[in-house]
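Trainee: I would like a close look at a single part of this structure. Please take me through the place where the two chains meet, and then through whatever connects to it.

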Amino acid sequence: MKALLNTGILLMWGLAAIACVDPEDKPSNVHDLRVLGVSTEQPELIASTCEQTPEAFDELAEEVTYRALLVDPAGEGRPIQYTLWACADQADSTCATEADRVLLAEGTTTAGELTFPIRPGAARVAGDKLLLERVLEEDAYKGLGGIRMPLVLRVTAGDEEVYAQKLMVFWCPVVEGMTANVQPVIPGLRVDDVPWPEEVPLELSGPGPFVVTSEDVSDREESYVVPGLRLDAVHLKEAWEIAWYTTLGKFNLSETGGADFGGQQGRHRVEWEPAEGAAAQDVTFYAVVRDGRGGSSWVMRQARWSP
Amino acid sequence: MSPNLNARCALAAASLLLGSPALAQAPQDGAPPAEAAPSAQAQPVITKPPELLQQVEAAYPPEALAEGVTASVRLIITIGADGAVTDVLPTEPAGHGFDEAAIAAVRQFRFSPAEVDGVPAPVQVEYVYHFTLNAPQPEAPGPEQQAPAARKATLKGQLISRGSRSRVAGATVRCGDDPEAPEALSDEEGRFSLEVSPGECAVRVVASGYQLYQTKELLQEDETTEVNFYLAPKGGALETVVRSERPKKEVVRRTITRQEAQRTPGTFGDPIRVIQTLPGVARAPFISGQLIVRGSNPGQTATMMDGVGIPLLFHLLGGPSVVNAEFIDQLDFFPGGYASQYGRAVGGIVEVGTRKGAADTLHGSVKVDLLDAGFFLEAPVTDGVSVAAAARRSYIDTLLPAVLPKNEGSTLSVVPKYWDYQLRVDFGAKRGANTEEEARARAGGARSTGYVMAFGSDDQLRLVSSGPETERDLTVDTHTLFHRIKGDWTYSKGNFTSVFTPYVGYDGTSFKFGSAKQDGSSYTVGAREVLGLELSPTFSVRTGLDLVFEHQTFDVEFPAPENFEYVAFPGAESVGELLVEHIGLGSFDGALFVEAELKAGKFVFTPGLRANYQRAGDARNVALDPRLWVAFNATERTQLKGSLGLYSQPGETFRFIPLPYGNPELSYQRAFQSSLGVEHRLTDVFNVDVTGFFNRRFSNIVAPGQLLSLPGGGVFQVPYSNDGIGRALGLEVMVKKQRASATDKWSGWLSYTFSQSLDGRAGPLPEGRGGFGGFGPTGDDTAYGLSPFDQTHILTLVSSYVLGNGWELGGRFRYTTGRPTTPLNHTYDLYQVDRNRFSGVYGPYASARMSGFHQLDVRVDKSWQFQSWTLGLYLDVQNIYNAENTEFTFNDYRQRREYEVPGIPILPVVGVKGSF
């Protein structure tokens, strides 16, 4: 206990000191090439049986839609090259091991939402082996967290290069009560407690801060069941997190929601402050939601801001 | 007029204080018999002061005589165990040939042997030799002038130290400067009785460590005049003028006195933080008091109070240590190579020796500083029984509301508070006898002393943050406390010594965080018995048992924690179902140790063996720790020394709870320690020690361990494993200057360590990478490399100077090499989408370092002495030139750029202390 406390004390001092240092690059401010979110529709595939039968593998080989939210505010519409691989090892953040990777898509696009269909469950690697089986072989937990296949998107534009790894989850009903995940969706946003429509840019003026909130999502957070490490059923409830982005200024928090280990959930409330000295301009906002089990989606909003 | 030559001397007061490392090259020939416990908790006590048996008059220097010059020569006399004078050194040269004359005379003195803990032992006393010129003898009176009978008056009284009310023993009281006049010597209570002729008495009181006291009293014939004289102490607070040498069983033992513990600049008067200024101890980040000793990790150095482990060393959030500086007598620090009676540590040992209550009268102090206020009291209760007590409480909880931000829509409440206490009752000293000899004779030559001590600490922290404008409603409630009660019975008869130390304890922890709750309690019962026997002047043995039993229970309510109950998906943590557990576990750790000391010429060999047995839950562990210490006393002032041995540390009891929260398979953490050094006493006040060391740690406990497949299915990650390894080598230099006397104004030390320490795991990094040895992640697959705490050069200079008139100025300068870092090598962004975090691309592990650390701390003390008490005020300024030292580096969110986290800026702290 003493050692734990000692480490905790050091950590606390470190965090307190970090709070005194203010890096220039803020996570909520998008100003160059970034991948803000990736989702698959369906967010996970679940077979009807855990027996490794051809039927079960066929169920896991269904087509899903891959979506990525690319932003490049300074790119002025320049082309962005992309490549999407699936590979076997989560620790291989760039899918660099050629023998264990499968090319799913590649091409050129521009900033915005990149969408295409993929069938990662059907992907095969050297020796005509299903990539799913290779993923399972690499998994130290032997599939107790599902088969988590890394999907690595590489995007490049100019001299900027980003690798974005998303885990695609394949399940089977290991314990009773397991059901497929439903994609999380933000029901709506509000600014200073006024609904923020998707279609019409909001008129904002002044230095702010402007309070941005999400409509209540608590009734959409699913209760679900996963296999425990002792092969028993563990009951969990989602605690969504929302990441906030803006093309001007910053949010006071870059991420809201989620739960700490005491089960205390955060509220989805942020304050947006325009950059000091900025001129009147159109501002784009993004809110990316994650459900903590692989599901994700996003909403975009526009505003016309003047000082 | 022919001057009448006379030289007189007076034996100065002999207040005995404890030995210092500067004088610790124990002359082995005269050392006491095998001490049962030569540690800080077994403080040697002078049981019989030396008495001057044979005095030799000094020759008055002719030139001084011709010039009519007088002088007082202050000397430090080293008296051997046989009563012979072995060394004489003047503390302040008087010139005019007085020093040489006094030394020549004193060398011929003969004393009765002093006794420490009942056995003859070498001691040092301060001695003032007065050279005075007598007035010419009046002509012999005629028969008609002769008084028929001597008339008498009596002056009785007590000598009291001004500002502290301590009784002044061993002082001489006389009327006038006539060397032939009768004089009285004050007893232990400071009382004296002087019979002189009636009339005006020009009182002169001479006492070691005090200014000459002069006053006039009109004494009536056949009457007794009662007085109290308040003597003003000389110099600063350090009044250590007489030292006893404790036999040194370890290669390196560094001792911090109470004065040093309270007044070392930059430590806020915290005794544990003073240890960080010693060789072998790496600098801990910020103002943390972590002890990182010879490459070991925090938590691998045991800290004990009078032989009983302190379960929690620091108050809230790395605040002050639970060791109240007022209550300590001194601290012994063993960076390695310690004796077989010490165990349960693979790093160093810190032994806090507590303070015995005053035997003369009630004393005490009250101290107030930025964080807390406390008091200390000590007093004799009855004959042979004394008590000392201290307590401290923080008041940050009352100040914080004034500085916390207040916003509409949110409430923030932070209530931290802590308190601690120490209580010690000593008994057995003399018990009705007038002298130690009488007490011992009554007991048939045996001597028993003992004490009962209690100490404890309590820390509470409550943090509540709520309201619609906060990120989340947050409640944290923690409460940790411990209490220990120990006894100590020391029995000695002839060459046999026994020290028995039983103790019991209770620890409580309570933690609430949202819906997570944990209430833990731990009961401890332990005992230590150490037997020492001197079989011959060249051979002695020491043996004993060191047992401790703990029973811990935990009531836990937690939302199912990820990776313990299920495989977590990266990213947002879900809310788990509430788990309710009651866990109880007992553990026993026992050790049998034996140690012999064999003197062969100038060599002293001390082989030892400590056999450890641990039983925790289903675990059964055994570890044998053979150790050897060899010393070669090259000269009276120089000693070569070396040691090697094995050391063991059991895992804490809670680590043995069943999977997945503990690992019942854990075994002892082990270490091999070796050292080789030389210690040389340059003068009586200057000491230098150079020691090289090489340590290897193995089977150390790290977290987490590897994944484990269960026979019936399922997989666990073992939370702890014995995969930790480490290695450290280095060289330590310590040069220390002590105050020779109360009038010596300067003291301090230079501490330098050159070292390299490696840390890591014997196998591959576990799933999730986990901790690297005792600390953070590596960032790559490296499992063994430079310790995160490695500092090649560690230099500390500590100095204190008594300016006079109650002023004292101190400074501490530190330089250390920056800690290793793994440099960022960004070439592209690595975005973990599910986690919404970026991973870094790094260069080779620990291939860079932070910039070096340098800092100067300054402390100014001012004290005002009143008749019965002393008021002290201090200003302790950390980092006085506001150096911007880097404590950590962290990266921006995309892991593109490193940012340096600065350390503590200039930080002044003011405190007030009143003592009586």
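**The strand pair across the chains**

Mentor: Start with one pair of residues: A:Ala164 has B:Tyr831 as its bridge partner, and B:Tyr831 lies in strand E50 of chain B. Keep in mind that this is a predicted model. The strand on the other side is E10 of chain A, residues 160-171, and E10(A) and E50(B) run parallel to each other, joined by 4 bridges.

Now widen the view to the whole contact between the chains. Chain A puts 63 residues into the contact and chain B puts in 59 residues. On the chain B side, five strands each supply at least two residues: E35 (575-576), E43 (715-717), E50 (829-832), E55 (886-891) and E56 (898-902). E50(B) has the largest share of that side, with 4 residues. Sorted by class, the side of chain B that touches chain A holds 32 nonpolar, 14 polar and 13 charged residues.

Next, follow E10 back into chain A. The domain assignment splits chain A into domain 1, residues 25-174, and domain 2, residues 182-307. Their C-alpha centres are 24 Å apart. Where these two domains touch, 18 residues come from domain 1 and 18 residues from domain 2. On the domain 1 side, E10 of chain A appears again: strand E1 (34-41) and E10 are the elements that give two or more residues. E1(A) gives the most, 5 residues. By class, this side of domain 1 has 11 nonpolar, 4 polar and 3 charged residues.

How far can chain A be trusted? Its mean pLDDT is 91, with 93% of its residues at 70 or more. Residues 1-7 of chain A are another matter: pLDDT stays under 50 there, and the model has 9 contacts for them beyond four places in sequence.

For a second strand to set beside E50, look at E24 of chain B, residues 328-334. Of its 7 residues, 6 are buried, so E24(B) is largely enclosed by the rest of the structure. E24(B) has pairing partners within chain B. Strand E19 of chain B, residues 254-257, pairs with E24(B) in the antiparallel sense over 4 bridges. Strand E25 of chain B, residues 349-354, also pairs with E24(B) in the antiparallel sense, over 6 bridges. One residue of E24(B) to find on screen is B:Asp332, the bridge partner of B:Thr255. B:Asp332 also stands opposite B:Glu351 in E25(B).

Conventions
Residues are numbered from 1 along each chain as its sequence is written. Chains are lettered from A and ligands numbered from 1 in the order in which they are written. This is a predicted model: local features need pLDDT of at least 70, side-chain atom pairs count only at pLDDT 80 or more; totals for chains, interfaces and linings use all residues. Two residues are in contact if their C-beta atoms, placed from the backbone, lie within 7 Å. Ala, Val, Leu, Ile, Met, Phe, Trp, Tyr, Cys and Pro count as nonpolar, Asp, Glu, Lys and Arg as charged, and the others, Gly among them, as polar. Two strands pair if DSSP finds at least two bridges between them. pLDDT is the predictor's confidence in each residue, from 0 to 100. Domain bounds come from an automatic or database domain assignment. A residue is buried if 20 or more other C-beta atoms lie within 10 Å of its own, exposed if 12 or fewer, and partly exposed in between; C-beta atoms are placed from the backbone.
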